[in-house]
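Here are my notes for a first look at this one. Have the model open beside you and follow the points in order.

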Amino acid sequence: MTPSARLQAAIEILDGVIDAARSGGAPADRLVADWFKNHRFAGSKDKRAIREHVYDAIRACGPVPASGRAAMLGLAEEKPELRDLFDGSQYGPAAIGERERPAEGGIAPEWLEDRLIASGIGEDEAAALLGRAPLDVRINRLKVSGALEGLPEEGEALALPGALRFPSGTQVSAWDAFAQGLIEVQDLGSQAACLAVGAQPGETVVDLCAGAGGKTLALAAAMANEGTLVAADTDKRRLSQLGPRAERAGVLIAREVLLDPGKEAAALEAWLGEADRVLVDAPCSGTGTWRRNPEARWRLSEGELQKLTALQARLLRIAADLVKPGGTLNYVTCSLLDEEGAGQVDAFLKQNPGWSAQKPDLPLGAPRGEGIRLSPRRDATDGFFIARLCKA
C-alpha cells in the first residue's frame, strides 16, 4: 500500500469509529481488526501504519469529529507532513478543499473537560490521559515464590512487589511464562487497588464487580489459595472468562456467582454480614483508561455519567450489607472524576454513620478526599480512585 492509501484506509476506519461512538457500537480496536480481516492485502507494515494513524487521530480530537476525514485533518494540524498525502491519487484521499476545516482538538468534549477541571485535573495531567500506556504484568505468587527467570531483559521492576513493566505492544501472550500462568497482564494501578484490599489467607472476600476476574486472581494470590473468595458479576460473558484464567493461574478458591441486575442481594444472601473484605471495582466512566481506549471519551454523555454514579451508589449499599463488623469495604473506580470517587465516598459516609474511612497505605497515589488517586502523569498508571471504608 502507498502512504496515501494507508491514510485513506485510516479515514475509512475512523468513520466507523465515529459512528460507533455515537450509536454505542463496537470499540475501535474491534473495528480496526475487522478492517484488517476484510482487507487481507494489507501487510504488517501497512497495518502498523494504519493503526497508528487511527489512534493518533482519535487522540488529536477533543469533541467527536464530524467525519474520519475531519479527524485526520485535525491530526495533520499536529503533523503537517500528512497534508501531502491528501493527493487525490487512485487509492488515496482527495485533495484538501479550501473550505475544509479540521476537527477540533482538545482533551475531550467541553462538558467533560469542565468536569475534569472541577476534579482538580490540570492541563498536564489531562494531556497525560491521552498518552500511550506501557504493558504491566504481575508475577503470580501462587506459582512463583521468588524471582522469575526467563523474561525479556527490558522488563522494569516497579514500585509494587512482583510488578514488572514492558514496552507498549509487547506480545506477552506468546511467552511460555504467560501460558503457564506464571504472570498475568495487569496495570500497576489495578495491582495497587488489589493490594489496598489487604486480603489475607483464610478470610472471606467478595469481589462484587469481578468482570473477567483480573482482580479476583490477584486477591486469590494474596490469600494464598486459603479462604473463601466470591467473584460476582452481572455480565455472564465476562464472568465466564474467569474459569479458564483461574485454571491457568492455579487459583482454587474462586467461586463464580452470576448476579441478576436489580436482584443482587438475593444471590449474595449467603454472605450477608459475613465478609471480611468486599471489593467494589465499580462500573464507571473510564476516564482513567483513555490511554488504552481514547475513543471512550466520545462515548460518554452527561446522562450516562448520571446513570453510572447512581449505580455506584447502589453497589456501595449492596456491598455494605455484606461486610461483617470490623470488616472493610474497598471502593475503586478507574475514573478521575470526583463525582465517581471522592464524592461517592463522602456521600456514603454521610449516609452511614457507623462507617469510617482509612486511607490505603500504598507507595503510589496522592490523597483525594477520603481516598487516594493515581494518575498517568504522576504515577505512570491508569487513573484510579481507591478508598477503604471500615465498618464499626
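**Notes on the fold**

1. Let's start in the middle: Asp-207 stands opposite Leu-279 in strand E8. Strands (E, at least two residues) and helices (H or I, at least four) are DSSP runs, numbered from the N terminus. E8 covers residues 275-281 and pairs with strand E5 in the parallel sense over 3 bridges; two strands pair if DSSP finds at least two bridges between them.

2. Before going on, some ground rules. This is a predicted model, where local features need pLDDT of at least 70 and side-chain atom pairs count only at pLDDT 80 or more, while totals for chains, interfaces and linings use all residues. Residues are numbered from 1 along each chain as its sequence is written, and side-chain values use heavy atoms, with hydrogens and water left out.

3. Back to E5, residues 204-207. Thr-204 and Val-206 point one way, Val-205 and Asp-207 the other, and all are buried, meaning under 20% relative accessible area (exposed is over 50%, partly exposed in between; 1.4 Å probe, protein chains only). In a regular strand the side chains alternate between the two faces of the sheet.

4. E5 also pairs with strand E6 (residues 228-233), in the parallel sense over 4 bridges. Val-206 has Val-230 as its bridge partner in E6. Between E5 and E6 the chain runs through helix H9 (residues 214-222), and this β-α-β crossover is right-handed: with the strands pointing away from the viewer, the path from the first strand over the helix to the second runs clockwise.

5. How many residues of H9 are buried? The count is 7 of 9, so to speak a mostly covered helix. Among the buried ones are Lys-215, Thr-216 and Leu-217. Ala-224, which follows H9, has a positive phi, near 55 degrees.

6. Helix H11 (residues 242-249) has two sides to look at. Leu-242, Arg-245, Ala-246 and Ala-249 are buried. Seen down the axis of H11, the buried residues fall within an arc of 100 degrees, so they line one face of the helix; the arc is that of the directions from the helix axis to the C-beta atoms. On the face turned away from that buried side sit the exposed residues Pro-244 and Glu-247.

7. What do the buried residues of H11 pack against? Their partners are strand E4 (183-185), H9, E6, helix H10 (236-239) and strand E7 (254-258), with contact meaning heavy atoms within 4.5 Å. After H11 comes Gly-250, with a positive phi near 75 degrees.

8. E4 also belongs to an open sheet of 4 strands, in the order E2-E3-E1-E4 with antiparallel pairing. Strand E2 (156-157) and E4 are the edge strands, each pairing on one side only. Strand E1 (residues 135-139) meets E4 over 3 antiparallel bridges, and Ile-139 has Ile-183 as its bridge partner in E4.

9. Now zoom out. The protein chain has 16 helices and 13 strands, and 54% of its 392 residues are buried. Its radius of gyration (over C-alpha atoms) is 22 Å, which agrees with the value near 21 Å for a compact globule of 392 residues; the globule rule is 2.2 Å times the number of residues to the power 0.38.

10. Last, the record. An unreviewed UniProt entry annotates residues 102-392 as "domain: SAM-dependent MTase RsmB/NOP-type"; positions follow the numbering used here, feature names are shortened, and annotations may be inferred rather than shown by experiment. That span is 32% helix and 22% strand.
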